[in-house]
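Subject: Structure for your review

Dear colleague,

I am passing on the structure below, together with notes on a pocket and on some ring contacts. Please read the notes alongside the coordinates.

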Amino acid sequence: MSSEKTPKDVMALIEKEKVDLVDLRFMDFPGIWQHFTIPATVFEEDAFTEGLGFDGSSIRGWQTINESDMLVKPVADTAFIDPFTAHKTIVMNCNICDPITGEDYTRDPRNIARKAEAYLKSSGIADTVFVGPEAEFFIFDDVRFDQTANTGYYFLDSSEGRWNSGREENPNLGYKLRYKEGYFPVSPADSLVDIRSEMVLLMQSIGIPVEAHHHEVATGGQCEIDMRFQPLVQMADNMLKYKYVIKNTARKYGKTVTFMPKPLFGDNGSGMHVHMSFWKGGKNLFYGDGYAGLSETALFAIGGILKHAPALLALTNPTTNSYKRLVPGFEAPVNLAYSRRNRSAAVRIPMYSNSEKAKRFEFRCPDPSCNPYLAFSAMMMAAIDGIQNKIHPGEPLDKDIYDLPPQEAAKVEKTPGTLRNALEHLEKDHDFLLKGDVFTPDVIETWIDYKLTNEVLALDLRPHPWEFALYYDI
């Protein structure tokens, strides 16, 4: 569908398609899509300007109980017909507003992303930022987990999993992908081709341009579907639709999807490499005659990303599980360096094409557990800070980082090792996020407090199953 729909277009679409229900969606603070639904017969055009009320105190990280009333204002150009509902439903993303002042809510992630795009334009640096995430995920056949006072466990299973090579399946046909060899043999080893193809076709039907899909490195159902780059807010909107389509298509097949960064021990985790470029007047500002075909502006942007990376990770890698993937010596890009081909560097400059249109950098640390509105906005703000302050990233690191002598390797800075550490960096280094009132002090403080209280401390308090293997007999 076109991304230029007006409220009148949406009302006409509701009538033309005989829509039964209108589903209004928004992103909560940590990053889960929320919704409520109203009959199409009571949905009126003034909802786009007047909004509809809901209880903001029940949304994670938002209002207190004594300031609970909030408004959702549907965004017409996000409208699409839901491909999964039994009754015809039109879906729209919404902006969140204060019912008294009418102002956009500062903790609404979509509002933060909208302010980020506006700040980029007002800075005079560029008029558009293009974002292209490569989100990986696992499709499993079964998942069970629980934690009580006296038990704690998880169990995952996949018919593709190498651990099932000896299971009685009456018959077991083999073709279980070897660990770290899922990239990317054809079927029958890749058993998920048709599911991914259906996901892609559904994405395209609701306005998401897709470039490719394939199996990923890990055994047990790791996959990737790549969307074509889009402007920041539009891409964050598409990320929500992307996850929605993937999860619900898998459910239709009796399977389950997780975007957890590290669900399996001993095999690759799921990252979300994010490609970014700045444009002005139809020209790519990152294209030039410098290293890897980059402009000086692009190098400064990379300098900003690398300088602020320890703080950025509190938003781009915002779960305790994220740091099970970001471990030195394994597959993840934990080295705060840049390179044109070295995939162990945090920032890579893809060299598939040296055309102006294709020139960009790729930040390889993020993972798909992040809130895309916040993650993409924070990345853009770090890049702007690098450009404004001419932060040069130093010399590129084109050597194999894993083969560097210990003394040389020690000079390469690393990403934070835990979510707690990343949050500490964010607490010390967030002034670059406050420019243009994109992120507010309240947003940063609330994010840090929420993550520490609900995730870091919650995990710290619970025994881990492997601790019993290590310590039960001491």
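A pocket here is an open set of points on a 1 Å grid over the protein atoms alone, where a 1.4 Å probe fits, with protein on both sides within 12 Å along at least five of seven lines, and its lining residues have an atom within 4 Å of a point. The model is predicted, so to speak of local features pLDDT of at least 70 is needed and side-chain atom pairs count only at pLDDT 80 or more, whereas totals for chains, interfaces and linings use all residues. Residues are numbered from 1 along each chain as its sequence is written, and side-chain values use heavy atoms, without hydrogens and water.

The second largest pocket is lined by 43 residues, with E134, E224, H273, H275 and E362 nearest its centre. Strand 7 (128–140) is among the strands that each supply at least two lining residues, and strand 7 gives the most, with six (strands are DSSP runs of E, at least two residues, numbered from the N terminus).

Turning to the rings, the structure holds 19 aromatic pairs (rings of Phe, Tyr and Trp, the last by its six-membered ring, with centres within 6.5 Å). The rings of F26 and F54 have centres 5.0 Å apart and planes at 40 degrees, so this pair is tilted (neither under 30 degrees, stacked, nor over 60, edge-to-face). F26 lies in strand 1 and F54 in strand 3, 28 residues apart, and both are buried (under 20% relative accessible area, 1.4 Å probe, protein chains only). Ring pairs link F26, F54, W62 and Y105 into a cluster.

With best regards

Definitions and conventions. Helices (H or I, at least four residues) and strands (E, at least two) are DSSP runs, numbered from the N terminus. Buried means under 20% relative accessible area, exposed over 50%, partly exposed in between (1.4 Å probe, protein chains only).
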